[in-house]
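Visitor: Got a minute to walk me through this one? I'd like to talk side chains and rings.
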Amino acid sequence: MTTLEALSRLRDLGELGLLHQNAQHPDRARLAELATRVAIHMDAPTCMVNAVLPGAVALLAGHGVAGYVEAVGGIPVEWSFCSIVCRTGEPLIIADAANTPVATGNPLVQADGLRAYLGVPVFSAKGHGIGALCVTADRPRVFTATEVASMRQFAGDASNLIEATRRPR
């Protein structure tokens, strides 16, 4: 179980250059390309690569992301299913958010119509859970074990792309 406020985790996040780049930076563009590949592979309308911070979830790259999430570059950590993934270090599968206790009161479900979610952790080279790779849908969906395994592989790709931005100390 990861503590989002752990100093070593925060230092690790601080060394990663992606948090300091604008959306047009080439490193962000490579992550966005990955998000598009994942969305197509998973047949999902939305895919996001997120960094989970203590107070917010920062959108590093995405496919199909729109509205206020795109405009502000993330969401409050309290709304985030990705924060659960980051804390536990395990995939989170929500097949029908309207009927899943962890999701029913969530503003993303109530106001935005999110119905399905699959998120897997993204780890740094130092072993910290730094975020999540997720796909979402506006209709219920059952995710298979094969799809979870694919998402884990894609999360490894995301980790490698993020690590390439590490700034020397």
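Guide: Sure, one term up front: buried means under 20% relative accessible area, exposed over 50%, and partly exposed in between, with a 1.4 Å probe and protein chains only. This is a predicted model, where local features need pLDDT of at least 70, side-chain atom pairs count only at pLDDT 80 or more, and totals for chains, interfaces and linings use all residues. Residues are numbered from 1 along each chain as its sequence is written, and side-chain values use heavy atoms, leaving out hydrogens and water.

Visitor: OK, is Trp79 buried or partly exposed?
Guide: Trp79 is partly exposed, at a relative accessible area of 27%. Tyr68 is partly exposed too, at 35%.

Visitor: And how many aromatic pairs are there?
Guide: Two. Rings of Phe, Tyr and Trp (its six-membered ring) pair if their centres lie within 6.5 Å; planes under 30 degrees apart count as stacked, over 60 as edge-to-face and the rest as tilted. Tyr68 and Trp79 make an edge-to-face pair, 6.3 Å centre to centre with 85° between the planes.

Visitor: Where do those two sit in the chain?
Guide: Tyr68 is in helix H3 (residues 67-72), and Trp79 is in the loop between strand S3 (74-76) and helix H4 (81-88), eleven residues apart. Helices (H or I, at least four residues) and strands (E, at least two) are DSSP runs, numbered from the N terminus.

Visitor: What about Phe81 and Tyr117?
Guide: That pair is tilted: 5.4 Å between centres, 55° between planes. Phe81 in helix H4 and Tyr117 in strand S5 are 36 residues apart, and both are buried.
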